Each structure stands twice: as C-alpha cells, then as structure tokens.
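Got your viewer open? Let's walk through this one stop by stop.

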Amino acid sequence: MPEMTLIDAIREAMDEELARDPRVFITGEDVGKRGGVFRATMGLYQKYGEKRIVDSPLAELSIVAIGIGAACAGLVPICEIQFADFIHPAFNQIVNEAAKMYYRSGGTWNVPLTIRAPYGGGIGGGLYHSQSVEAFFTHVPGLKVVIPSTPYDAKGLLKSAVRDPNPVLFFEPKKGYRSIKGEVPEGEYTVPLGKARLARQGSDLSVYAYGMMAHYAVQAAEQVAREDGIQCDVVDLRTLLPIDKETILASFKKTGKALIVYEDNLTMGYGAEIAAILSCDGFEYMDAPIMRLGGPDVPAVPFSHPLQEAFMPNPHKIAAAIRQLAAY
Amino acid sequence: MPTNVIMPQLGESVVEGTLSRWLKQVGERVEEFEPIAEVTTDKVDTEIPAPASGVVLAIYVAEGQTVERGTLLAVIGEPDEPVAATPSATPAQKHVTAPEPKPAQASPSAQRYSPVVARMAAEHNIDLTRIRGTGLGGRVTKKDVEAYLAAQKQPAAELAPWEQPGGGDLFKPTDEIFAAANAKPAASAPPPSAAPTQAPPSAALSGTLLPHSAMRRAIAKHMVESKLHTAPHVTTVFEVDMTRTMAHWKANEANFAAQGVRLTLTAYFVAAVVRAAQAQPILNSRWTDDGLFVPKVVNVGMAVALEDGLIVPVIKNAQDLNLIGLARQVTDLAARARAKQLKPDDLQGGTITLTNHGVSGSLLATPIINQPQSAIVGVGAVTKRPVVITDAEGNDLLAIRPMLYATLTFDHRVADGALGDAFMRVFKETLENWQ
C-alpha cells in the first residue's frame, strides 16, 4: 500500500471526485495554475481545465456564495478557503444560507457544498494563519464538520464530504499536511461521515481528540505506554458534527476517565461538548473529573516561536496530562 | 496567628471521636463558637464550636476518621496565612487510628468516591472502606474496585433451588449410586478435617449482614471491656414491696403534672439509689490502681433505650434534688436522649447507674457495670403478687402487693457481698417506707 502525505491524500480525493462526477468543480484563491497556496490542487487545473478549477477573487464571502448558488443550480462545488482564519467574511453565507437552505425551503433545495480550509497553529503562521474555527460551526445545525488526522481518513472522508447532499466544512490540520504520512490504499473507498475511530486501544483512560491533536494523542499514548505502562484509548473523532456519541461513550464506559484535547482556546471549545456528553450519559461510569487540555484563552496563536510553543498542546503536554489523570 | 481546632475531650472515658461531618470547608469563613464540625463519640453526637473567627485554612482529618482527643483537626486564620500541609509539625497531633479494619485514610479525598466506584460498590455490595485506594491521595479508583472484586472472586452466587442439581438418589446416575453402595466405608469419604476453619457465616447460612452502627460498636466494646476485661461482676437480688411508693405516686402524679412535671417511678428509684449510695459510698466509687476514688457527689446515670442502642445520660448532683427535681431531670434527659439532643456534658461524670429494665416487662436482670463506675442498680417490673405479711399482732396474712425485684450488680474488686446487701437494704427500705 503506498504511503502518502495528508495533502497528497486530499489532492487524490479531489482528483478522483473530479474524474468521477463532471458536476464537481473547485474554486478558491490561487487554486488554479498556482495549485493552491499549500499545493492541494496542484496539477488539477492542468488536468481538468479552467472550467473545473476556478481561481476566485480575494473575497471569501463570494467564494462560498458562488458555491451555494452553484450547488443549488445542480453543481457540486469544493470551495477552498486559503486559511480557516479567513473564513469569517463567509460566516453569514455558511451559517445563514448554506446551513439553513434545506430547512427553510422545506426540503426543496439542498446545498451539496464542501468547504475545505486548513486550520491550526504550530507553523509559525502568527495570528491570522493559525486559527482553529471548528467551534463556531459545530454549533450550527445544518452543517457537517469534518477534521481528519490521517491520510487514509482524509481521502475517504473528503470523498464522502463531496458526495454528501448537505454542506460540509472540511478542516485540514495544516501542520500535518506534509508531516503526517500514512498508508492509503489504491482505488476507490470512502470513510463514512459521523463515525469516530478508535485510533488506539487501552483500558486506563480515554483520550478524545481530532486533527493534529489526534495525531499527537496517539504519539503521547505510545509514549506513556512505553514509559509508564499506561494504556490509553485514543478516540479520533474525525467528524465533529454530527457527533458519534456511541463510540465516545463506549470508550468512556470502558475506562471511566477522559482527557479531551483540542488546540482551540479552551473555554467554550469543542471539547466542552464531549465533556457534557460524558458527564450526562456516562455519569455512572465516571472515575475521575473529566479533563480538558486546550490552548490558552488568549486572542490568537502568537507569532513568537516560544510563545507559539507555549500555546500549542503537543505530545509532551498530552503525555503529562495522561499521567496526571491516570494517577487520579 | 492561626488558631488550631483540636478534638476535645468529650467525656471522661471517651478518648477518641469520629469526625462525622465538616460543617465548614477550607476557604469558608467561620465565626467564633459557630459549629465547625460534627463529631461522633462512643455515646454522643455533637458539634465542635470554632475556637476563633476566621477562615478555615486547612483540614487535616477526613470525614469518617476516628482520632484521639487532642488531635489537630483544622486550622483557622486569616486568608493567605501559611499553614502546614500536614499537621505533623504540631505537637498536639496525636496518633491517628482509623476504625478497624479500615486502612488509614490518607486524605479527605479518600472519603469521596467517583460515580463508577459508588455504582460498583452498590452492585457488588462492597464496603469501600475495606479497599485500599491507589489513586491520588489514597482515592479508591475503579481499578481498585476491580482488583478487590477479582481478589474476592467467589464461586458464582447461590443458584435458585431449581437451578441446582438434584441431591436425591432419583437424580443420580445409577452407576454413581451403586459405586457409592459398593465402596468400602473406609475409603468412602475423606476423614473430617481435624480443625475446621472458621467459615464466614454467609458460607453456611443464608442471611443478611447488617453493618454495625457507631453506637453498636461502642456498646459492644464497652460491654466486653467492662464484663470480660475489667470488673468481676457479682449480683445481689432484693424484693421490694412498692405499696407505699405506688400510693405516693398515685397521690402526687396529678399534682406534679400541674407543675409541669411528669412523675414516673424512675424518679423514686433514682431517689432510692441516692439514699443507698450516700449510706454506702463505697458502691458510688471508682476503682483505680492507686486506690478507690470515692466522689463526694452522687451522679446517677440513667440508662435510656433507643431504637438503635442505649445511652446513659447523667443526673448530676442527684443528692441535692428532691423528688420533683429528680422527676424533672429524668423526663428531660430521657426526652433529649431519644431526640438525640444530648450534649457531651450530659453523659459525663456518672458515679453509679440505674437501669429500669422493668419498663420492658423484665422481672430480673443482671446488667453490666458502666465503667469506670462500680455498681449498677437494676429494677424490674412492678407486678401484683400474693405475699405473706405479718400484721401488728404477729399474724401471718396473705396479701396482694405490688412487688418488684431489684438487683445490685457491683464490682467485686471494690466491695464484697455484705456491703452490696447493705446498699440494697437502704434502697429497699427507702421505697418500702416512702413518705
């Protein structure tokens, strides 16, 4: 099975979907000849032409608005937002139009739109190239929110997102674009939306994470298993909305202890919802306070390298939290 | 300057108390004399008042922990005042003992259980205090419970009768029946074990294990200590004609009631005990290795049966009280005992005890001495009985009289039979000649 990087898997998914369905097209800033700022669409313009791979103005509102209109008219758009930090001008289009279209039209109109956006810090991107924005959108019924952590899942989930009849936000951990590698089978496969994945098995405690933090959580779990004999379940959530309560609770019922990791600001972050599910539906299985490890509540990921490191959860910090929780 | 909260002496024979509940937590403000904690001692539940106003800076004794008097329980002071993380530096700290067979509790958090641990304990009927916690601060974790269960693993729970293989010959394969019949007697069964090991009651009998209350444990300890380890008990029995006492009681009940006092026979018995104790102070004494301590006062302990045990409040300076004073004390102490509102002071200082076991119909009993006292008087039920009396002319007559049996059980180290009988003669005469 060929090994590839996260970004290669994402490109391959788009390539296959473009080939499979002529309604699929890509639009975004520099996605055409340039192949995208991260090279996610590299070579696709040359392969599918300017009508399928469409460079957009520097206006995120319009990228998404064009996507919504095209989707309603029968096309299957993949909109790229160059950095998740830039998605905010499109917030109204996503939340007020895309998310509500099917509902307010009584099921007459649906929006088979995929919005791809690299998110997250740790790449020296500073305030406007490091943000995590998932919590804004996981609050909105009508949207689906997906964050892969492995090349296999990235490809399978993106294909599912493209084929989904509803708007899907597909956030990609940009720090892992080239640092995360994994085996991706040749040929057609998809990974279903709405299903979490048990990335690692252990009975001492459960670590819940997604994206880059899921990747780190597995590393941390391996480290504490090696050094301390602590065995963790690592639940890679994969799809944040809809949320896979079943898998989340199954792990918790086994271990009774939960550590939730996300790099977004801690307060009101996505992990709070996991904590709420565990404390409500898993109360009788609870053996320790539910623990969250997240970014500090500061306005942005700092540009300064030491400050960025201080902000970002990493395998070392996760391992420390695992040890603390295991000892409780 | 931080103020220490110390486990007080809650009774003279009471050397330890169980911290049953903290009423203030660390960080909470408390005013001087405001209750800061609830304490259960052998015989009384009470509250400890804060020795000073301030903020609770540290708590050193967990709920449920039993500590000796003088143990440092907590520290009160002003916020940010430095206090020791552990009380080891304080000379007042005494050796801490947890109720057996509990492992020592490492910290307050050891007394808190997570939902999963609580649920598993309920499901498997586990006494969590028996599990040594390996979690933070001695916390019992889910894994600790699992390990405990694995260690306790018994053969599966008893099957319903219809689930069990039949025991009769009808249910046995024929070859097994015949094999048994043909076997030589010597080889048929293994010899019975010479020293059968003591099986837990549940192994042989089905039933329910009722956990002991703190009071039950205390009573058990005191009874064993008094009767088996301290005092050689001896009992003398007297018969008392209650005619005059009963007549006085009937004549004065309403009169007392008008003064707001409920007159009971117990008041008369207490009065008779006082009279007898004054006549024979040796029986109102305490044995010590240095000598016999004879108090100047008669403080009569009065056994009161409770739903879940027994408690003995003390009528202080009973020698100074007349019948109405005694009746008032008897009624007040009994009512507060049943309402669990006795104060530690109410239980202290007894010099002799009265138990009116007749109220539950008993005719005769040999009670156990309430240490460190030397004697206990037991009175049975007053019953009408035919008795032979002699009239002024010397004629024997058969009469129906209200009678009771009264006993004095006393410490034979302290006194011999003649002294005990002398005591009881006064007791008897007091009641028989009540004016």
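How many residues does helix α8 of chain A have, and how far does it reach from its first C-alpha to its last? Select residues 212-228 of chain A: that's 17 residues, reaching 23 Å, close to the 24 Å expected at 1.5 Å a residue (1.5 Å times one less than the number of residues). Helices here are DSSP runs of H or I, at least four residues, and strands are runs of E, at least two, numbered from the N terminus.

A quick note before moving on: this is a predicted model, where local features need pLDDT of at least 70, side-chain atom pairs count only at pLDDT 80 or more, and totals for chains, interfaces and linings use all residues. Residues are numbered from 1 along each chain as its sequence is written, chains are lettered from A and ligands numbered from 1 in the order written, and side-chain values use heavy atoms, leaving out hydrogens and water.

Stay on α8(A) and color its buried residues (under 20% relative accessible area, 1.4 Å probe, protein chains only); among them are Met212(A), Tyr216(A), Gln223(A) and Val224(A). Next along is Gly229(A), which follows α8(A) and has a positive phi, near 70 degrees.

Now hop to chain B, with its 10 helices and 19 strands. Of its 435 residues, 40% count as buried.

Last stop: select α9 (323-338) of chain B. It gives the most to the lining of the second largest pocket, with four residues. Add α8 (265-279), β13 (304-306) and β16 (352-355) of chain B, which each supply at least two residues of that lining. A pocket here is an open set of points on a 1 Å grid over the protein atoms alone, where a 1.4 Å probe fits, with protein on both sides within 12 Å along at least five of seven lines; lining residues have an atom within 4 Å of a point.

Terms used. Buried < 20%, exposed > 50% of the residue type's maximum accessible area, 1.4 Å probe, protein only.
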